[in-house]
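User: I would like to go through this structure piece by piece. Please reason briefly and finish each reply on the value or name I ask for.

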Amino acid sequence: QLQLVESGGGLVQPGGSLRLSCTASGHNLRYYAIGWFRQVPGKEREGVSCMPSDSTTPHYVDSVKGRFTISRDIAKNTAYLQMSSLTPEDTAVYYCAATAYEVSIRYMCETGKFDYWGQGTQVSVSS
């Protein structure tokens, strides 16, 4: 059973940066598509960025393009979401997810079709 644990969230000022980590255990994350999602209370969960298992052609939601970067470190069995130029609109609980069953990465990101989920980490952007 794949288990995911997020870390790296916190409070940051507008314009600042954070790097979220998603550490996997139980299986090797290199064989899974990974995704980062976020949710604000009262709103639907949003797919922020997703990457197929071969780490090619990641998908980003338009609002984070050019500011966020998804990556993975196979040796550390960890996925990352580097976030820069943060705005208050980025405030949310961020979740990482993984699945071994891949179709279009954009479709998976937009629908949340992932099997394994972390517990979430809070990101707050405020002055």
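User: What share of the exposed area do carbon and sulfur atoms supply?

Analyst: This is a predicted model, in which local features need pLDDT of at least 70, side-chain atom pairs count only at pLDDT 80 or more, and totals for chains, interfaces and linings use all residues. Residues are numbered from 1 along each chain as its sequence is written, and side-chain values use heavy atoms, with hydrogens and water left out. Accessible areas come from the Shrake-Rupley method with a 1.4 Å probe, and for residues only the protein chains shown count as cover. The protein exposes about 6500 Å², and the share from carbon and sulfur atoms is 48%.

User: What percentage of the 127 residues count as buried?

Analyst: Buried means under 20% relative accessible area, exposed means over 50%, and partly exposed lies in between (1.4 Å probe, protein chains only). Of the 127 residues, the buried ones make up 44%.

User: In what order do the elements run from the N terminus?

Analyst: Helices (H or I, at least four residues) and strands (E, at least two) are DSSP runs, numbered from the N terminus. The protein has 1 helix and 11 strands. Their order is β-β-β-β-β-β-β-β-β-α-β-β.

User: What is the radius of gyration, and why does the protein count as being as compact as a globular protein of that length?

Analyst: The radius is taken over C-alpha atoms, and the globule rule is 2.2 Å times the number of residues to the power 0.38. For 127 residues the rule gives 14 Å, and the protein's value is close to that, so the protein is as compact as a globular protein of that length; its radius of gyration is 13 Å.

User: Which strands stand at the edges of the open sheet?

Analyst: Two strands pair if DSSP finds at least two bridges between them. The open sheet has 4 strands in the order 1-3-8-7, with antiparallel pairing. Each edge strand has a single partner strand, so one side of it is left without a neighbour in the sheet; these are strand 1 (3–7) and strand 7 (68–73).

User: Which residue of strand 3 is the bridge partner of L4?

Analyst: Strand 1 and strand 3 (residues 18–25) run antiparallel and are joined by 5 bridges. In strand 3, L4 has as its bridge partner A24.

User: Is A24 buried or exposed?

Analyst: A24 lies in strand 3. Contact means heavy atoms within 4.5 Å. Leaving aside neighbours within four places in sequence, A24 is in contact with L2, Q3, L4, L29 and N77. Its relative accessibility is 8%, so A24 counts as buried.

User: Which residue takes a positive phi in the hairpin of strand 7 and strand 8?

Analyst: Strand 7 and strand 8 (residues 78–83) run antiparallel and are joined by 6 bridges. R72, for example, has A79 as its bridge partner in strand 8. The hairpin has 4 residues between the strands, and the one with a positive phi, near 55 degrees, is N77.

User: Which residues form the covered face of strand 7?

Analyst: In a regular strand the side chains alternate between the two faces of the sheet. In strand 7, the uncovered face holds T69, S71 and D73, and the covered face holds F68, I70 and R72.

User: Which residues have the most contacts inside the largest nonpolar core?

Analyst: A nonpolar core is a set of buried Ala, Val, Leu, Ile, Met, Phe, Trp, Tyr and Cys residues joined through side-chain atoms within 4.5 Å. The largest one has 28 residues, and those with the most contacts inside it are L4, L29, F68, L81, M83 and Y94.

User: How many residues are in the second, separate core?

Analyst: This core includes A33, C50, I105 and C109. Its residue count is 8.

User: How far is S49 from C109, C-alpha to C-alpha?

Analyst: S49 is found in strand 5 and is buried, with a relative accessible area of 0%. Leaving aside neighbours within four places in sequence, S49 has contacts that include W36, H59, I70 and C109. S49 and C109 are 60 residues apart along the chain, and their C-alpha atoms are separated by 6.8 Å.

User: Which residues of strand 11 point to the face where they are buried?

Analyst: Strand 11 pairs in the antiparallel sense with strand 9 over 3 bridges, and runs parallel to strand 2 (residues 10–12), again with 3 bridges. Along strand 11 the side chains alternate: Q122 and S124 point to one face and are not buried, while the buried ones on the other face are T121, V123 and V125.
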